[in-house]
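Subject: Structure for your review

Dear colleague,

I am handing over the structure below, and I would be grateful if you could read the notes that follow with it open beside you.

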Number of protein chains: 2
Amino acid sequence: MRLVIARCSVDYIGRLRAHLPLATRLLMVKADGSVLIHSDGGSYKPLNWMSPPATLHVTEPDEDDNEAGVAEIWNVQHAKSDDRLVISIHEHLHELSHDLGADPGLVKDGVEADLQRLLAEQIHLLGQGCTLIRREYMTAIGPVDILARDAAGRTVAVELKRRGDIDGVEQLTRYLELLNRDPLLAPVRGVFAAQQIKPQARVLATDRGIECLSLDYDAMRGVDDIESRLF
Amino acid sequence: MRLVIARCSVDYIGRLRAHLPLATRLLMVKADGSVLIHSDGGSYKPLNWMSPPATLHVTEPDEDDNEAGVAEIWNVQHAKSDDRLVISIHEHLHELSHDLGADPGLVKDGVEADLQRLLAEQIHLLGQGCTLIRREYMTAIGPVDILARDAAGRTVAVELKRRGDIDGVEQLTRYLELLNRDPLLAPVRGVFAAQQIKPQARVLATDRGIECLSLDYDAMRGVDDIESRLF
DNA sequence: TCGTGCATGTCGAGG
DNA sequence: CCTCGACGTGCACGA
């Protein structure tokens with residue numbers, strides 16, 4: 001990785017066009033040829049960037065550029081598209097290079113997949129006597145997160161979200177509409193399950209006869225840990 | 001901005017939990033307290049990060065940490081939530097600080113507005129004899145991208161997307177429902193226009209009697225260029 | 001390789 | 001403040 005602090009202007013030409021006026025910024029060149037241009041604020045998104053794989057080609061400024069104070073031009077060309085980044089460097093302030101090597105990568109815990117696994121294992125949270133039919137039950141308009149059968153033998157379709165919002169209720173509504181056309185499954189109950197369910201989503205779900213289920217992830221993981229320790 | 005190359009491990013506890021095993025990485029501390037942890041690959045998204053506003057508090061390692069080889073611990077606490085990043089620094093390899101100042105920001109040119117302008121200008125793409133009523137036709141629930149009249153005199157509501165997926169069909173459905181209550185406009189045809197339309201969105205649209213229209217942006221821009229050259 | 005859905009999404013506009 | 005929609009979305013996973 002190569003880090004350069006420089007006064008520069010930047011132009012991106014590709015899926016759209018974008019321009020950064022002259023200012024002091026951090027240029028980060030990664031081992032795979034990707035380039036990030038960061039300011040001293042904002043979130044993790046760079047002001048501008050080039051995705052890998054890309055190649056960096058440094059050229060001398062032409063007469064006009066030279067007159068404008070450009071010392072060096074970086075042409076960053078994406079390897080698989082016409083996307084191009086042109087960095088006009090006016091002043092080179094700092095430089096630092098270091099080989100970081102490969103990274104072991106991030107280990108995540110608590111994304112929707114974890115929540116789905118836990119709910120499938122603790123399917124009784126849907127109600128006494130519920131049994132799992134399957135996770136990721138495929139339909140023409142996408143997979144239903146969890147399909148189960150309740151104590152009375154009715155099919156239950158579960159839409160699972162980390163944060164329950166209106167669009168999640170819409171999604172479940174579409175699934176229910178489709179599933180209820182299948183005589184082997186109908187009638188199908190809907191359950192909207194999430195760690196947090198927004199009031200508006202709860203109102204909409206209730207209005208459509210969809211049950212809301214708040215999930216306590218820490219408690220569910222606690223149960224999972226205890227079960228794991230038994231084996 | 002402060003840049004540190006260090007051998008470190010990282011733990012994030014917040015909306016989820018995430019862990020980065022010990023490795024050499026770039027730590028970027030911005031002026032607003034945000035922190036980014038980058039490896040030497042991947043795209044612009046850091047391995048882990050803390051959004052602003054946040055505060056960095058450096059503490060000495062306790063006995064266990066010391067034994068494990070930790071030299072220094074960075075506690076990064078988000079100012080408005082419980083999100084927390086703990087960076088255990090084993091080895092400090094490089095350091096570089098520089099005040100970048102405020103950035104003038106990115107100037108973007110021509111994205112979604114272009115597609116809408118082009119379709120309005122080439123309204124015949126909706127079908128022979130179509131005429132434009134207006135762009136951004138306002139309704140109580142938001143603006144319809146394009147409203148037109150077809151050769152048979154029927155109103156046509158167009159929802160325009162760069163990438164057409166189910167959400168766009170839902171949006172157009174809401175507009176059609178509303179527009180069809182207006183006796184001056186009803187009956188209103190729906191056209192879902194996008195550069196690419198996903199199969200599931202196409203299924204849903206067709207099921208609801210909404211026509212799908214794939215747009216060739218390059219061709220449309222080409223026509224635009226030719227027309228421009230005539231004047 | 002391509003398509004699909006999630007994301008600690010981020011970001012900006014508008015009510 | 002919150003909601004909604006766009007994004008050069010990125011990203012992992014499955015067909």
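**DNA strand D**

A polar side-chain atom of Lys198(A) is placed 3.0 Å from a phosphate oxygen of DNA strand D, which falls under the term polar contact (a pair of N or O atoms within 3.5 Å; within protein, one must be able to donate a hydrogen and the other to accept it, and residues adjacent in sequence count only if both atoms are side-chain atoms). Please bear in mind that this is a predicted model, in which local features need pLDDT of at least 70 and side-chain atom pairs count only at pLDDT 80 or more, while totals for chains, interfaces and linings use all residues. Residues are numbered from 1 along each chain as its sequence is written, chains are lettered from A and ligands numbered from 1 in the order in which they are written, and side-chain values use heavy atoms, with hydrogens and water left out.

On the chain B side, an N or O atom in the side chain of Lys161(B) is 2.3 Å from a phosphate oxygen of DNA strand D, and a base nitrogen of that strand has a polar side-chain atom of Tyr12(A) at 3.5 Å. Two or more residues of the surface near DNA strand D come from each of E4 of chain A and strand E11 (155-164) of chain B, where strands (E, at least two residues) and helices (H or I, at least four) are DSSP runs numbered from the N terminus. There are 19 residues around DNA strand D, and Asn48(A), Trp49(A), Lys108(B), Lys161(B) and Arg162(B) come nearest; a residue is near a strand if one of its heavy atoms lies within 4 Å of it. By class, this surface has ten charged, six nonpolar and three polar residues, with Ala, Val, Leu, Ile, Met, Phe, Trp, Tyr, Cys and Pro counted as nonpolar, Asp, Glu, Lys and Arg as charged, and the others, Gly among them, as polar. Sugar or phosphate accounts for 69% of the atoms of DNA strand D within 4 Å of the protein, the rest belonging to bases.

**DNA strand C**

For DNA strand C, 80% of the atoms within 4 Å of the protein belong to sugar or phosphate and the rest to bases. The strand has 22 residues around it, of which Lys108(A), Arg162(A), Asn48(B), Pro199(B) and Gln200(B) come nearest. Phosphate oxygens of DNA strand C lie 3.0 Å from a polar backbone atom of Glu112(A) and 3.2 Å from a polar side-chain atom of Lys161(A), whereas Arg15(B) has a polar side-chain atom 3.3 Å from a sugar or linking oxygen. The surface near this strand is made up of eight nonpolar, six polar and eight charged residues.

**Chain A against chain B**

Contact (heavy atoms within 4.5 Å) joins 59 residues of chain A to 58 residues of chain B. The buried area, meaning the accessible area (1.4 Å probe) that two parts lose on being put together, summed over both, is about 5,000 Å² between these chains, and carbon and sulfur atoms give 61% of it. In chain A, Asp40(A), Tyr44(A) and Leu100(A) lose the most area to chain B, together 15% of what that side buries.

Four salt bridges (a side-chain nitrogen of Lys or Arg within 4 Å of a carboxyl oxygen of Asp or Glu) are counted between chain A and chain B, including one between Asp103(A) and Arg25(B) at 2.6 Å, N to O. The chains also have 21 residue pairs in polar contact, both residues at pLDDT 80 or more.

**Within the chains**

Over all chains, 21 salt bridges are found. Within chain A, Arg7(A) and Glu91(A) form a salt bridge whose closest N and O atoms are 3.0 Å apart; this pair links distant parts of the chain, strand E1 and strand E7, 84 residues apart.

Some backbone geometry deserves a look when you go through the model. Most residues other than glycine have a negative phi, and most peptide bonds are trans. The bond from Ala186(A) to Pro187(A) is cis, with omega near -5°, and Pro187(A) sits in the loop between helix H3 (166-179) and strand E12 (188-197) of chain A. The bond from Pro52(B) to Pro53(B) is likewise cis, with omega near -5°. Glu136(A), in strand E9 (residues 131-139) of chain A, has a positive phi, near 50°.

With best wishes
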